[in-house]
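User: Hey, got a minute to go through this one with me? I'd like to hear about helix packing and then any holes inside.
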Amino acid sequence: MQYCSKHELLDVSQNFIQSASPPGIPRIGFDSWWTLTIVSLLYVVSYLDRFIVTMMVPDIKASLAITDVQIGLILGPAFALSYALFSIPFGWAADRWSRRMVILFGTCVFSIATAVSGFATSFAAMLLLRICVGMGEASLSPAALSLISQKFPKERLTVAISVFSMGPKIGTAVAFSLGGFILAGAAILVQKWSFLHGVEPWRLAFASAAIPSLLLGLLCLTFREPTLPEHSLKLESRGALAFMVQRKRLILPMLVGFGAVLICGQALMAWVPTYLERRFAWEAISYGPIIGVISLIGAGTLVIKGAIMDRLFARGILDIHIRFYTWLLIATLPITLVTFLVSSKTTFVACYFILSVITIPSTAYASVAIQLIAPPRLRGRVFAGFIIPLAIIGGFGPPLVGIITDYVAGSEAKVGYSLAGLLATALPIAIIALRYSLPGLQDAVRETHPDVTTEEAI
C-alpha cells in the first residue's frame with residue numbers, strides 16, 4: 001500500500017478547492033473564516049441576552065409590580081430605540097478604530113447589562129438596563145459586516161453575509177431553547193443551594209445568560225484586524241442621505257412595508273412566550289425547545305429561498321427580492337390571521353410555524369435589495385440609514401400589544417386577541433406598501449445593473 005506525504009495531501013486538497021471554485025477568485029484564508037465564525041456566533045448568543053427576558057414576563061411583572069404596558073416598553077422601545085440610535089456612533093467608530101475592539105467593548109456592555117438585570121428592583125432600573133443591552137448590541141452588526149466585507153472577496157461576500165444573517169433565526173432558537181433550560185436550572189439551583197435561598201430564579205437566570213456572550217467576545221482578540229482603506233475615511237456622510245432622498249419612491253414604501261412586518265415580528269418574539277403561558281399553561285421548559293426548532297428550520301429555509309431568488313433574478317426579474325416576499329405574504333395571510341384564534345395547541349404550533357418560518361422573516365429581503373441598488377461606496381451607510389428607522393419602527397410592536405391588551409381588550413388573558421389584531425392590521429399594510437415599491441426597485445436595479453434584461457412577473 002502506498003502512502004502520501006503530508007505535503008502531497010496538502011497539495012491535493014488545495015488543488016481540489018481551487019478546482020471547485022471559479023478561476024480568478026482569491027483564496028479565503030483561515031483568519032477570514034475564523035472571523036466569520038466568531039462574529040456569527042456572537043450574533044447568535046446576543047439573542048439570548050436580548051430575548052430571555054420575554055420568557056420571564058410573569059415573574060418580572062409580579063416581582064416588580066408593573067403593568068403590561070410597562071413590560072411592553074421594556075421588551076420593545078427600551079432595546080429598539082437604543083439599538084438604533086447607538087448604531088450611528090458605533091458605525092462611525094467601526095470606520096475609524098479597531099473593529100474587533102469595538103465588538104469586544106459592545107459585547108462587554110450588553111453582557112454586563114444582562115447580568116446586572118437580575119438585580120433590578122424597579123421598572124426604571126430594568127428599563128435602563130435593557131437600554132444598555134440595546135446600546136451594546138448596536139456595536140456588532142456595523143463592525144462585523146465591515147470586517148466580513150473586507151476579509152471576503154466580492155465573489156464570496158453573499159455567502160459570508162448570508163451565514164452572518166442566519167444569526168437572528170438561530171439566535172431565536174438558542175434563546176428559547178437554552179433559555180428554557182436556564183430558567184429551569186436556576187429554579188433547581190435556588191432550591192438546592194442554601195446560600196441562594198430566597199433568590200428569585202429569574203434573577204439568577206439573567207446572570208447565567210450573560211456568560212456565553214462574554215466568553216465569545218474575548219475571542220475577538222484571536223483574529224486579525226485588517227487596515228481600513230484610506231478612501232473609506234474620506235467619504236462624506238451626506239452622500240448616503242442624498243441617494244436615499246433620490247430613491248424615495250422606493251425607500252419610503254420599503255420602510256413602511258418592512259417596518260409593518262418588523263412590528264409584527266418584534267411583537268411575536270416579545271409576547272408569544274407569555275401567550276403560551278396564559279392561553280395553554282405551557283412552561284418555558286416545554287415550549288422553549290419547540291420554538292427553538294421552528295427558528296432553526298426558519299434559518300435553514302433562508303438558503304433555499306435565496307437560491308430561488310437568485311435563479312429568478314438571473315432570468316431577469318429585477319425586483320424579485322421584494323416581489324418574492326410579497327408572494328409569501330399573500331399566500332400565507334389567511335393562516336397567519338387565525339394563528340392566535342385557534343383553541344388547539346397542535347393547530348397553534350402548525351400556524352405559528354408558517355408565521356415564523358415563511359411570513360415574518362424579512363430582513364434578508366430588505367438587505368439584498370439595498371445591496372443591489374446602492375453604489376458600492378455608499379452601501380454601508382445606505383444600509384445603516386435604512387436599518388435605523390426600521391429598528392425604531394419595529395420597537396413599537398411589543399408596547400402596542402401591551403396597550404391593546406390593557407386598554408382595549410381589558411384583560412391579560414386576551415393577549416392573543418391583541419396579537420391577532422396587530423397582524424390583521426400590519427400585514428395587509430405591508431403587502432400594499434411593498435407592492436407599491438416594485439417599480440422603484442426595478443428602475444434602481446436597472447440603473448445599477450444596465451446589462452441585465454427584464455422579465456415580467458406577477
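Analyst: Sure. Let's begin with a helix pair: α2 and α6 are roughly parallel to each other, because their axes cross at roughly 20° and angles under 35 degrees count as roughly parallel. Keep in mind that this is a predicted model.

User: Okay, how far apart are the axes of α2 and α6 there?
Analyst: They come within 11 Å, with α6 covering residues 99–116.

User: And is the α2 and α6 crossing left-handed or right-handed?
Analyst: Left-handed.

User: Which residues meet between α2 and α6?
Analyst: From α2 you have Val39, Leu42, Ser46 and Asp49. On the α6 side they meet Ile103, Thr107, Phe110, Ser111 and Thr114. By class, that contact has four nonpolar, four polar and one charged residues.

User: Switching pairs: what's the angle between α13 and α19?
Analyst: About 70°, with the axes 7 Å apart; α19 is the helix at residues 397–409. That makes α13 roughly perpendicular to α19. The crossing of these two is right-handed.

User: What does α13 bring to the contact with α19?
Analyst: Ile263, Gln266, Ala267, Ala270 and Trp271. Across from them, α19 offers Gly397, Pro398, Leu400, Val401 and Gly402. The α13 and α19 contact counts seven nonpolar, three polar and no charged residues.

User: Now the holes. How many cavities of 30 Å³ or more are there?
Analyst: Four. The largest has a volume of about 90 Å³.

User: Which residues line the largest cavity?
Analyst: Arg50, Phe51, Val53, Thr54, Ile74, Leu75, Gly76, Phe79, Ala80, Arg130, Gln266 and Gly395. The elements giving two or more residues to that lining are α2 (30–51), α4 (68–75) and α5 (77–96).

User: Gln266 rings a bell. Where did that come up?
Analyst: In the helix contacts: Gln266 is one of the α13 residues that meet α19, and Gln266 also lines the largest cavity.

User: How does the lining of the largest cavity split by class?
Analyst: Six nonpolar, four polar and two charged.

User: What about the second largest cavity, how much space lies in there?
Analyst: About 50 Å³. Val272, Leu276, Trp282, Ile290, Ile291, Ile294, Phe348, Val349 and Tyr352 line the second largest cavity. Two or more of its lining residues come from each of α13 (248–280), α14 (284–314) and α16 (345–359).

User: And how many charged residues are in the lining of the second largest cavity?
Analyst: None, and no polar ones either: that lining has nine nonpolar residues.

Definitions and conventions
Residues are numbered from 1 along each chain as its sequence is written. This is a predicted model: local features need pLDDT of at least 70, side-chain atom pairs count only at pLDDT 80 or more; totals for chains, interfaces and linings use all residues. Side-chain values use heavy atoms; hydrogens and water are left out. On a 1 Å grid over the protein atoms alone, a cavity is a set of points where a 1.4 Å probe fits but cannot get out, and a pocket is an open set with protein on both sides within 12 Å along at least five of seven lines; lining residues have an atom within 4 Å of a point. Grid points are joined across faces, edges and corners, and a volume is the space filled by probe spheres set on the points. Helices (H or I, at least four residues) and strands (E, at least two) are DSSP runs, numbered from the N terminus. Ala, Val, Leu, Ile, Met, Phe, Trp, Tyr, Cys and Pro count as nonpolar, Asp, Glu, Lys and Arg as charged, and the others, Gly among them, as polar. Axes are lines fitted to C-alpha atoms, for helices over the stretch in contact, and angles run from 0 to 180 degrees between N-to-C directions. Angles under 35 degrees count as roughly parallel, over 145 as roughly antiparallel, 65 to 115 as roughly perpendicular and the rest as oblique. A crossing is left-handed if the near helix is turned anticlockwise from the far one by less than a right angle, and right-handed if clockwise. Contact means heavy atoms within 4.5 Å.
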